[in-house]
Amino acid sequence: MAALIGSAVLAGLLGSPHCLGMCGGFAASSGGWSWHLGRLLTYALLGALVGGVGFAFPGPVWLPHVVAAAFLGWFALRLAGLAPELPVRLPGMAGVARLAGRSRVLFGMVTGLLPCGLVYAATSLALAAEHPAWGAAVMVGFGLGTVPALALATRGLRELGQRRP
């Protein structure tokens, strides 16, 4: 299980340039750590849910791993534009901001649900964890892997904003 969690942390670290482009503005505008906490809470809930699905999978013990690998492959093909998009409709960013109100933790929780190929891939790892607690740990590991780059970018953007109004 340590290898699976380590893989999720590494995926978060290596995927950080993508996270900077997709969520860097949210991190910088939200106040930092409380936003990260909300995002990690959402990731933990997603991981527990998907890990529970892996735990409840009927059949041989290797089946959740095969399904997780298939999802991971599909998400990679989707990112390359070679597979169809999921038919999911989410509110626009104005809707996300309204949902979150003034709570930075809630804003982090809501933004943790935005469509993201890296999150989908990490969720595939959580499925392979085959237990809600391990699935949550995998997703929190992934989220923690993204925190250093986002925190550094937030600090840099704030310092730049203070120098140039």
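Leaving aside its neighbours within four places in sequence, which residues is Ser-124 in contact with? In this predicted model, Ser-124 touches Ala-68, Phe-71, Leu-72 and Phe-75 once those neighbours are set aside, where contact stands for heavy atoms within 4.5 Å. Ser-124 sits in helix α7 and is buried, at a relative accessible area of 5%; buried is taken as under 20% relative accessible area, exposed as over 50%, and partly exposed as in between (1.4 Å probe, protein chains only).

A word on ground rules. Residues are numbered from 1 along each chain as its sequence is written. Because the model is predicted, local features need pLDDT of at least 70 and side-chain atom pairs count only at pLDDT 80 or more, while totals for chains, interfaces and linings use all residues; side-chain values use heavy atoms, with hydrogens and water left out.

As for the overall make-up, the chain has eight helices and zero strands, so the elements read α-α-α-α-α-α-α-α from the N terminus on, with helices (H or I, at least four residues) and strands (E, at least two) being DSSP runs numbered from the N terminus. Of the 165 residues in the chain, 38% are buried. Among contacts with a separation of 6 or more, 80% come from residues 24 or more positions apart. The accessible surface adds up to about 9,200 Å², and carbon and sulfur atoms own 72% of that; these areas come from the Shrake-Rupley method with a 1.4 Å probe, and for residues only the protein chains shown count as cover.

Helix α1 takes in residues 2–14, 13 residues in total, and reaches 18 Å from its first C-alpha to its last, close to the expected 18 Å at 1.5 Å a residue; that expectation is 1.5 Å times one less than the number of residues. Its buried residues are Leu-4, Ala-8 and Gly-12. They cover an arc of only 80 degrees around the axis, which puts them on the same side of α1, the arc being that of the directions from the helix axis to the C-beta atoms. These buried residues pack against α2 (16–30), α7 (117–129) and α8 (132–163). The face turned away from them carries the exposed Ala-2, Ala-3 and Leu-14.

Leu-14 also turns up in a nonpolar surface patch of about 310 Å², made with Leu-10 and Leu-13. Such patches are built from residues with over 30% relative accessible area and no salt bridge, joining like charges within 9 Å and nonpolar side chains (Val, Leu, Ile, Met, Phe, Trp, Tyr) within 5 Å; a salt bridge is a side-chain nitrogen of Lys or Arg within 4 Å of a carboxyl oxygen of Asp or Glu. Leu-10 belongs to α1 and is partly exposed at 47%.

Back in α7, Leu-125 meets α1 residues. Its C-alpha lies 8.5 Å from that of Ile-5, 120 residues apart along the chain. Beyond its neighbours within four places, Leu-125 is in contact with Leu-4, Ser-7, Ala-8 and Val-138. The loop between α7 and α8 holds Glu-130, a residue other than glycine with a positive phi, near 60 degrees; Glu-130 is partly exposed at 23% relative accessibility.

In α8, Leu-150 is buried at 1% relative accessible area. Leaving out neighbours within four places, Leu-150 is in contact with Cys-19, Leu-20, Cys-23, Gly-24, Ala-27, Trp-35, His-36 and Arg-39. The C-alpha atoms of Leu-150 and Pro-17, 133 residues apart along the chain, are separated by 9.0 Å.
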